[in-house]
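Please walk me through this model in the viewer. Tell me what to select at each stop and what I will find there.

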Amino acid sequence: MGNKIVVKREKARLSDPRREIVFRVFRFSAEFDVLPFYADFTLKVAKNEVLLDALNRIKAEIDPSLAYRRSCRHGICGSCAVKVENQALLACKANVFELADRYGELLTIDPLDKKLAARDLIVDKTRFWNSYRAVSPWLEATIEEASAKENLVTPAETDRLGGADACVECGICFYGCPVVAANERFLGPAAFAKSYRFAADIRDQTPLDRLRQVSGEKIGVWDCVKCYQCYETCPKEISPIDKITKLRAMIGAERVDQNSIAYRHARAFKTSLEKYGRLDEAANAIESAGFFGALKYIREAFAMLRRGKLPFGVKKIERLDEVQKLVKSASQESKERR
Ligand code: SF4
Ligand code: SF4
Ligand code: FES
């Protein structure tokens, strides 16, 4: 008798292609809760269901109080960004079977930043939008509305944007950026990608203003530490770090904000390579921070001296011409890519 029941269940399981998944969801109400907690919801999920479908079903069938953002269900509005097993993604683009294959049949769902949770999976994005607004995310151009000729943009001119116009403002890059977490003034990768999107648009009439907006110390592109996190996680494959690199090159080429420490550091680095084929640490510190500014690094300088890392008189390397050729070729390539 017992065996028959087991066989029956097994048959039913095999004839039902759905999988039973436990969704462990972060719950918190900034208004009512002192501490966050997790709630488990079990659903049978079909092969074609995405995470957003599962959240919609939990809300409709189990707990109407579950809060999360969503709108388009097509990866366009950017509102449904959450974390699954600590990996940020768009819930409407993440197939549940694929998630279960990767992480198992218990999936932990968190907001993009737990510290900013306003309610359940909804984060307070005020800082993200403020950063975004700071780079004037619109086209500045005088365009005749009823002109006799169209304002045509060629495919090559569109290619210059490098896909930056596809950003859906999901915030995944922003909340994953270590500099955003450490420095509350840093504008962050999404704002830089947007700034580049307009600075590189041939119709825009304010590219220099845009470069000034993103070149300041603490807030701007020079504070990016090139960790490539934003490249790894952007669901639209925009690669904000690539746009940051281009903005830096544009700032250099247009000679914007040449007095910033970061700009002077980059220039000193290049000069040192051209002159010696290696880094002249002392000259670099003085050139970057100025003589009096460099004095604040005096303790580090003595420590480096003790370890032989700050030699007096930098010697040229043997094949200096090879390094000079590399610097020249990198400068040329950077000009061509702009
Ligand atoms: S590459 Fe720069 S902007 Fe991108 S996540 Fe890292 S520090 Fe942030
Ligand atoms: S750059 Fe990518 S990750 Fe960042 S907000 Fe835009 S779409 Fe989202
Ligand atoms: S609901 Fe619009 S991107 Fe997911």
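## Stop 1: the sheet

Start with strands β1 and β2, which pair in the antiparallel sense over 9 bridges. Keep in mind throughout that this is a predicted model. Now pick Phe23. Opposite Phe23 stands Phe41 in β2.

Next, add strand β5, residues 106-110. With β1 (residues 19-27), β5 pairs in the parallel sense, over 4 bridges. Two positions show the register. Select Val22 and you will find Leu106 of β5 opposite. Select Arg24 and the residue opposite is Thr108, also in β5. Both senses of pairing, parallel and antiparallel, run through backbone hydrogen bonds.

Now bring up the whole sheet. In what order do its 5 strands lie? Reading across, the order is β2-β1-β5-β3-β4. The sheet is open and its pairing is mixed. At the edges stand β2 (37-45) and β4 (87-90). Each has a single partner strand, so one side of each is left without a neighbour in the sheet. From one strand to the next, the twist averages 35°.

## Stop 2: helices on the sheet

Select helix α2, residues 51-62. Helix α2 packs on the sheet and touches β1, β2, β3 (81-84), β4 and β5. Its direction makes about 105° with that of β2.

Then select helix α3, residues 96-103. Helix α3 lies across β1, β2, β3, β4 and β5. Relative to β1, helix α3 runs at about 85°.

## Stop 3: an aromatic pair

Leave the sheet and look at the rings. The structure holds 9 aromatic pairs. For one of them, select Phe128 and Phe174. How are these two rings arranged? Their centres are 5.4 Å apart and their planes stand at 80°, so the pair is edge-to-face. The pair links distant parts of the chain, with the two positions 46 residues apart in numbering. Phe128 belongs to helix α4 (residues 126-133), and Phe174 to helix α6.

## Stop 4: the cavities

Turn on a cavity display. How many cavities of 30 Å³ or more does the structure hold? There are 2.

Go to the largest cavity, with about 110 Å³ of space. Its lining has 14 residues. Nearest its centre lie Cys167, Cys170, Cys173, Cys234 and Ile238. Helices α6 (172-176) and α8 (189-199) are the elements that give two or more residues to this lining. Colour the lining of the largest cavity by class and you get 11 nonpolar, 1 polar and 2 charged residues.

Move on to the second largest cavity, whose volume is about 90 Å³. Here 15 residues form the lining. Select Cys177, Pro189, Cys224, Cys227 and Cys230 to find those nearest the centre of the second largest cavity. The elements that give two or more residues to its lining are α8 and α10 (229-233). By class, the lining of the second largest cavity divides into 12 nonpolar, 2 polar and 1 charged.

To finish, show α8 with both cavities. Helix α8 gives two or more residues to the lining of the largest cavity and to that of the second largest.

Terms used:
Residues are numbered from 1 along each chain as its sequence is written. Chains are lettered from A and ligands numbered from 1 in the order in which they are written. This is a predicted model: local features need pLDDT of at least 70, side-chain atom pairs count only at pLDDT 80 or more; totals for chains, interfaces and linings use all residues. Side-chain values use heavy atoms; hydrogens and water are left out. Two strands pair if DSSP finds at least two bridges between them. Axes are lines fitted to C-alpha atoms, for helices over the stretch in contact, and angles run from 0 to 180 degrees between N-to-C directions. Contact means heavy atoms within 4.5 Å. On a 1 Å grid over the protein atoms alone, a cavity is a set of points where a 1.4 Å probe fits but cannot get out, and a pocket is an open set with protein on both sides within 12 Å along at least five of seven lines; lining residues have an atom within 4 Å of a point. Grid points are joined across faces, edges and corners, and a volume is the space filled by probe spheres set on the points. Ala, Val, Leu, Ile, Met, Phe, Trp, Tyr, Cys and Pro count as nonpolar, Asp, Glu, Lys and Arg as charged, and the others, Gly among them, as polar. Rings of Phe, Tyr and Trp (its six-membered ring) pair if their centres lie within 6.5 Å; planes under 30 degrees apart count as stacked, over 60 as edge-to-face and the rest as tilted.
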